[in-house]
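Got your viewer open? Let's take a walk through this model, one selection at a time.

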2 protein chains.
Amino acid sequence: MAPALLLNGDLATVKPASTTGRVSSVYSEVQSSRIDQSLPLPSVLKNPFKIVDGPRSSAAGNPDEIAKLFPNLFGQPSAMLVPSAEGGLRSDLKLKIGVVLSGGQAPGGHNVICGIFDYLQDHVKGSILYGFKGGPAGIMKGKYVELTSDYIHPYRNQGGFDMICSGRDKIETPEQFKQAEETALKLDLDGLVVIGGDDSNTNACLLAENFRSKNMKTRVIGCPKTIDGDLKCKEVPTSFGFDTACKIYAEMIGNVMVDARSTGKYYHFVRLMGRAASHITLECALQTHPNITIIGEEVAAKKQTLKNVTDYIVNVILKRADLGYNYGVILIPEGLIDFIPEVQQLIAELNEILAHDIVDENGLWKKKLKDQSLKLFEFLPRAIQEQLLLERDPHGNVQVAKIETEKMLIQMVETELEKKKQEGSYLGEFKGQSHFFGYEGRCGLPTNFDATYCYALGYGAGVLLQSGKTGLISSVGNLAAPVEQWTVGGTALTALMDVERRHGKFKPVIKKAMVELDGAPFKKFASLRNDWAINNRYISPGPIQFVGPTSNAVNHTLLLELGAVQN
Amino acid sequence: MAPALLLNGDLATVKPASTTGRVSSVYSEVQSSRIDQSLPLPSVLKNPFKIVDGPRSSAAGNPDEIAKLFPNLFGQPSAMLVPSAEGGLRSDLKLKIGVVLSGGQAPGGHNVICGIFDYLQDHVKGSILYGFKGGPAGIMKGKYVELTSDYIHPYRNQGGFDMICSGRDKIETPEQFKQAEETALKLDLDGLVVIGGDDSNTNACLLAENFRSKNMKTRVIGCPKTIDGDLKCKEVPTSFGFDTACKIYAEMIGNVMVDARSTGKYYHFVRLMGRAASHITLECALQTHPNITIIGEEVAAKKQTLKNVTDYIVNVILKRADLGYNYGVILIPEGLIDFIPEVQQLIAELNEILAHDIVDENGLWKKKLKDQSLKLFEFLPRAIQEQLLLERDPHGNVQVAKIETEKMLIQMVETELEKKKQEGSYLGEFKGQSHFFGYEGRCGLPTNFDATYCYALGYGAGVLLQSGKTGLISSVGNLAAPVEQWTVGGTALTALMDVERRHGKFKPVIKKAMVELDGAPFKKFASLRNDWAINNRYISPGPIQFVGPTSNAVNHTLLLELGAVQN
């Protein structure tokens, strides 16, 4: 019998390890092979360059309000690195730089940090890089670690954010700004790199404005991070992590497709991470060619109801049954129900009722729902009704993210098909299988693209800080070309901003980049989906490869948006 | 706006494709790169060889009964290929061979077929290979396709079973045997290769016995297929598909581990496919080092209750909370509850009640449960109670496979931790995240190991058939050595058999190979798990690589069982 007993094994006798960080001796072969993978840099970073400023910038919307909110930074030009023999920044001034990871993980975050570190090593020898631990809270609480070559080594080209971890706190109140100032002063920080999504980059800009207004030397540079792919613009063609996450999900979807075709009897409903925008779902569709793909932005634009979505799925299933296919694959964005106006209305009413009333067993509370909402609530499968009532976040709100949309749709489709069967218009068999692909995509080993892109973003952020820039987001462009030809620079964060009115005040926001229905990726998808629906054009991307000819592919969304492939 | 409307797009105008098979023009880059990957063969297959028979065989149990059930085949020796200059089989006799895939998919099945095909092309030119479609039903109904070089080409090194698809029918009644005979006669079959699990190989042997008893020339060879890894013995060290499936699951688990460590606030409960045995879960544990791993065979051996399992998990969580870790990863085999005696008892009672009684709303039916079963039923979370009552298979039985054990355990752990919190003995925070990794592992692109192993299994099956063998399972051994040194032969299927009494009659069975608690893989796991529980020794295997130094790794279970690595 085994030495340790399952249930009686005395854990008390086990010594906690002295180190809890990564130890590369317990790395897998693939992890180890990635650590020492050297990364190409854009040529402009490898040779002498100078920084050229562009024209005065404006804002994405409401420039007057943005100008008021950022009196010191508004109008800043973007910066671009160009080769220059006479160029070069002063390298005798050592720098003290901080870096922080903010929000959800995205593959490549470690490489941004390595890029900053290597820039400092290569060009500003003797500089110090501090990593703030646990996200922005680390700045406020002064929790940091000095990042050394040995410290960061095990994280090179590795997934996750565990080098310094992340957090979702924000620096936004006067007291919080004060704490950040104290930390910046204490560490004598010349600069800070904030790696995060739209909110975090907005906050980075507010921090930059605040430091500048206090005449502090600390400059702030942002980096575009999110697997959701919804932080992007002309100058910042993609956020890092999107490429890797989509390829991980597409691997799984491709496998499920082969399974569906082999078995011939299941409809796989796959919900994909990505709350606000449906970029991940769209990209996975372009990579794999599923029979049905629901894009939240389209559902919203066409003011569709849940019943409409259900009917669309049912119609495809009926048509496929006629052709003899009783199987298929359906992709659904995690945030689907956020896009459906009637559901938003129901949830708003539920939040109100849950905040002020008792949900009685007999259902008297339902009388508070408006007619349309009551009808929708009754249309929902019982398990979903319960989730809506029982699962609430700390503010008492319905936890929309917890709703298993894929299971809900299976039940609703099943009910409709049952009706069709009774009517005699459906003779097929329907069996739904549900999947949620989420966490397994956030922390994978970054693809060659993400690893290289992040390294350039970090390296470029180092340049921007050394040259005294603040309030910019690190911008690496021309991404459809070979790495050598990538452009490097920084874009004024205020140029990406608009304002939203919250609680009667204007708040600056970087608007999330949603799927554009007249954008190249959606148009390509829309031109093909009817064929995919009926015929089986499944593509199985297979596992991400790190070496060989297949290892440097870039995602379809980026290539289509850059016009680098035929639409 | 997009050309095709989501909900009004007229599917009727879309032309169904004329071909529904694979078209390599829509392959991903990785799929394409795999098609033309040439595979190494064991040296013995590349040079002249002869076949050497071993000693007379017996049975795994009850040899007298097996001898009665297989009067023509019992006692057959195993066959082994050995290099021989004078050797060589007659190559002027063309063969007609059939092949069938039976049961659930496993990565590599297509390569077995390619191996048979290539053997015939290389050594018995002019032979014909028929693929029976949709599993054993294809044999009985005479549904087949002639497999040509062009036909099989797009499936080389690809996942899935869609070349000829599979099925779960069995050939077991006299009428069914008759149908199989008719097909064999009609096609003038010299041989048949049955690719399947324990049941399918048992049936293959019955078919071989039947053909032999009728003096038919059709010989039958089995091949060991199942991702579950529970069809193996000394001569057949592993079943194909296990290596790939485990690596796909381990990739996802490794990603989730990095996520857990980065976020620091989730316990991920991962249920893994594999009903009967826990090999997949054990292998994934050896590859990734989770904090907690439940092995069904151990739970059964120790007669544990669900409460015991819950307490074990809770104890580790408490200990980890003391150390400051409020996160972790827990692996659970799909079949866990099948291993728990009290649950089996409850399910047996429920099946009985559901068959004969009405489950009334007021719960009067519960009075029919025995005390212990009622207590367990009440201990279960409500959602699980409902699943037990509502989800039934076509025979009216409780669908154990549908029970989301990972969610059940999260709820039970949560309840226990809440109690500890009330008592003041737990100060941590617990958030469970559930995952099921199943279908995405069955149909992935086979690893280099599975691709090569399957090709050798098929190639060897061709040899066995050409040399007139029947009732053997293709056996490729010495798998820890380089491919060149692999051994090739066949093992008497009757030697793997025992009998079980069903409905008063002896039935031959190949016993499923369960996780052995005194086997090397479990012992290694058991010696390390307490360390893994408390310290974080996570390993992230990353995506399967097809080229480069990391592409030829073999799974831990196989290497440990072969004694090829330190235990």
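Start with the aromatic rings: a search of the whole structure, which is a predicted model, turns up 28 aromatic pairs over all chains. For a good example, select F269(B) and F430(B). Their ring centres are 6.1 Å apart and their planes stand at 90 degrees, so this pair is edge-to-face; planes over 60 degrees apart earn that name. Now colour by secondary structure. F269(B) belongs to strand β9 (residues 267-272) of chain B, while F430(B) is in the loop between α16 (405-423) and β12 (432-437) of chain B, so the pair ties together parts that are 161 residues apart in sequence. Are these two buried or exposed? Both F269(B) and F430(B) are buried.

Next, hop over to chain A and pick Y119(A), Y455(A) and Y459(A). Here, ring pairs join the three into a cluster.

Back in chain B, look for charges over rings. Show R271(B) with F436(B): the charged end of R271(B) sits over the ring, 4.0 Å from its centre. Then try R501(B) and F506(B), where the charged end of R501(B) sits over the ring at 4.5 Å from the centre.

Zoom out now and show both chains. How might two copies be related? In general, two copies of a chain are related by a rotation about an axis and a shift along it. In this model, a turn of 180 degrees and a shift of 0.0 Å along the axis lay chain A on chain B with an RMSD of 0.0 Å. That is the relation of a two-fold axis. Look at where the chains meet, too: 100% of the interface residues of chain A are also interface residues in chain B, so the copies meet through the same surface.

Time to head inside. Nonpolar side chains tend to be buried together in soluble globular proteins. The largest nonpolar core in this model has 252 residues. Which residues have the most contacts inside it? They are Y249(A), I253(A), Y249(B) and I253(B). Select I253(A) and see who is around: leaving aside neighbours within four places in sequence, its contacts include V270(A), L272(A), C284(A) and F437(A).

For a wider view, highlight residues 96-459 of chain A. An unreviewed UniProt entry lists this stretch as "domain: Phosphofructokinase". Over these residues the chain is 49% helix and 13% strand, and the end C-alpha atoms are 15 Å apart.

Within that selection, click on D150(A), which is in helix α6 (residues 149-152) of chain A. At 68% relative accessibility, D150(A) counts as exposed. Add D228(A) and draw a line between the C-alpha atoms: the two residues are 32 Å apart in space and 78 residues apart in sequence.

Now find the loop between β1 (49-53) and α3 (63-69) of chain A, where S57(A) is placed. S57(A) is buried, with a relative accessible area of 13%. Beyond its neighbours within four places in sequence, S57(A) is in contact with F74(A), G75(A), Q76(A), A492(A), T494(A) and A495(A). N62(A) is also in the loop between β1 and α3 of chain A. N62(A) counts as partly exposed, at 40% relative accessibility. Check its backbone: phi of N62(A) is near 50 degrees, a positive value in a residue other than glycine.

Last stop: K303(B), in the loop between α11 (296-301) and α12 (306-322) of chain B. Phi of K303(B) is near 50 degrees, again a positive value in a residue other than glycine. K303(B) is exposed, with a relative accessible area of 63%.

Notes:
Residues numbered from 1 in each chain as written. Chains lettered and ligands numbered in written order. Predicted model: local features only at pLDDT ≥ 70, side-chain atom pairs only at ≥ 80, totals over all residues. Heavy atoms only, no water. Phe/Tyr/Trp six-rings, centres within 6.5 Å; stacked < 30°, edge-to-face > 60°. Helix = DSSP H or I, 4+ residues; strand = E, 2+ residues; numbered from the N terminus. Buried < 20%, exposed > 50% of the residue type's maximum accessible area, 1.4 Å probe, protein only. Lys NZ or Arg CZ within 6 Å of the ring centre and 35° of its normal. Least-squares fit on C-alpha atoms with pLDDT ≥ 70 in both. Contact = heavy atoms within 4.5 Å. Core = buried A, V, L, I, M, F, W, Y, C linked by side-chain atoms within 4.5 Å. UniProt positions renumbered as here; feature names shortened; annotations may be inferred.
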